[in-house]
Amino acid sequence: MKKRISIFASGGGSNAQVFFEHFLGNEDIEIVSVFTNNKSAGVIERAKTFNIPVHVYNRTFWSDGEVPITLLKEQQVDYIVLAGFMLLIPEPIVSLYSDKIFNIHPALLPKFGGQGMYGSHVHEAVKSAGEKQSGISIHLVNEEYDKGRIIYQEACQIEPSDSAQDIASKVLKLEHKNYAKVVESYIRKST
Ligand code: GRF
């Protein structure tokens with residue numbers, strides 16, 4: 001039976017797009033749905049292009065996890081990929097999907113992680129700290145922001161002249177190059 005992934009995203013969805021493309025026609029793994037808490041998220045249009053159903057729900061829906069769990073079970077979801085999802089995953093979902101939820105953080109954890117460290121905040125903090133490197137961290141998700149076990153990291157160099165935006169662009173390239181591949185390899189090893 002194919003392994004079934006649901007993607008949770010709140011924003012533009014460029015990483016989600018890479019997943020849609022990467023798993024298109026894959027014989028063993030498929031993207032079956034997208035969940036978002038943002039009705040204006042760019043990921044909605046991207047998913048429609050691939051005929052992937054999108055579920056839009058407000059913050060209250062996410063707060064205890066019971067209703068999302070019912071839907072995830074109905075869709076027989078095996079793995080969850082967070083691709084720029086802005087809300088903390090409720091404990092019941094983390095327990096049910098223990099070691100089966102992935103996140104990507106746009107910095108080299110454990111530095112520059114935790115609550116409030118998202119989007120441009122991360123790259124500005126990296127720049128202000130005068131770091132010579134940044135990069136990506138792909139990790140499993142637990143009940144705390146950015147604290148789950150890291151399964152892959154890759155670094156990129158930062159030049160002194162790089163702005164926070166330049167750092168963001170370098171990191172996003174690494175995200176697109178690695179996230180779907182690392183998730184695929186993890187799933188294949190676990191089955
Ligand atoms: C990425 O930078 C990712 O690291 C972070 O959220 C951003 C999502 O970007 N978790 P996009 O919506 O995939 O373009």
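This note goes through the ligand site, one helix, one strand residue and some backbone features of a predicted model.

1. **Where the ligand sits.** The ligand occupies the largest pocket. The residues around it are G12, G13, S14, N15, G84, I104, P106 and E175.

2. **Polar contacts to ligand oxygen.** S14 contributes a side-chain N or O atom, 2.6 Å from an oxygen atom of the ligand. G13 contributes through its backbone: one of its N or O atoms there is 2.8 Å from a ligand oxygen.

3. **Polar contact to ligand nitrogen.** Here the partner is I104. A backbone N or O atom of this residue lies 3.0 Å from a nitrogen atom of the ligand. As for cover, the ligand on its own has 360 Å² of accessible area, and the protein covers 77% of that.

4. **Helix α1.** This helix spans residues 14-22. Its buried residues are N15, A16, Q17, V18, F19 and F20. What do they pack against? The partners are strands β1 (3-8), β2 (29-36) and β4 (79-82), together with helices α2 (42-49) and α7 (164-190). N15 also belongs to the ligand's surroundings.

5. **N103 in strand β5.** The strand runs over residues 101-105 and includes N103. Is N103 buried or exposed? Its relative accessibility is 12%, so N103 counts as buried. Beyond neighbours within four places in sequence, N103 is in contact with L82, S137, I138, H139, V141, D146 and Y179.

6. **Backbone expectations.** Two general rules help in reading the next points. Most residues other than glycine have a negative phi, and most peptide bonds are trans.

7. **Cis peptide at P110.** The bond joining L109 and P110 is cis, with omega at about 10 degrees. P110 is in the loop between β5 and α6 (120-128).

8. **Positive phi at F112.** F112 is not a glycine, yet its phi is positive, about 55 degrees. The residue lies in the loop between β5 and α6. F112 has a relative accessible area of 18%; because the limit for buried is under 20%, F112 counts as buried.

9. **Positive phi at D99.** D99 has phi near 60 degrees, again a positive value in a residue other than glycine. Its loop is the one between α5 (91-96) and β5. How does D99 rank for exposure? With 42% relative accessibility, D99 counts as partly exposed.

10. **Where to look.** For the ligand, start with the polar contacts of G13, S14 and I104. For the backbone, check the cis bond between L109 and P110, then phi of F112 and of D99.

Definitions and conventions:
Residues are numbered from 1 along each chain as its sequence is written. This is a predicted model: local features need pLDDT of at least 70, side-chain atom pairs count only at pLDDT 80 or more; totals for chains, interfaces and linings use all residues. Side-chain values use heavy atoms; hydrogens and water are left out. Buried means under 20% relative accessible area, exposed over 50%, partly exposed in between (1.4 Å probe, protein chains only). Helices (H or I, at least four residues) and strands (E, at least two) are DSSP runs, numbered from the N terminus. Contact means heavy atoms within 4.5 Å. A residue is near a molecule or strand if one of its heavy atoms lies within 4 Å of it. A polar contact is a pair of N or O atoms within 3.5 Å; within protein, one must be able to donate a hydrogen and the other to accept it, and residues adjacent in sequence count only if both atoms are side-chain atoms. Accessible areas come from the Shrake-Rupley method with a 1.4 Å probe; for residues, only the protein chains shown count as cover. On a 1 Å grid over the protein atoms alone, a cavity is a set of points where a 1.4 Å probe fits but cannot get out, and a pocket is an open set with protein on both sides within 12 Å along at least five of seven lines; lining residues have an atom within 4 Å of a point. A molecule sits in a cavity or pocket if more than half of its atoms lie within 2 Å of its grid points.
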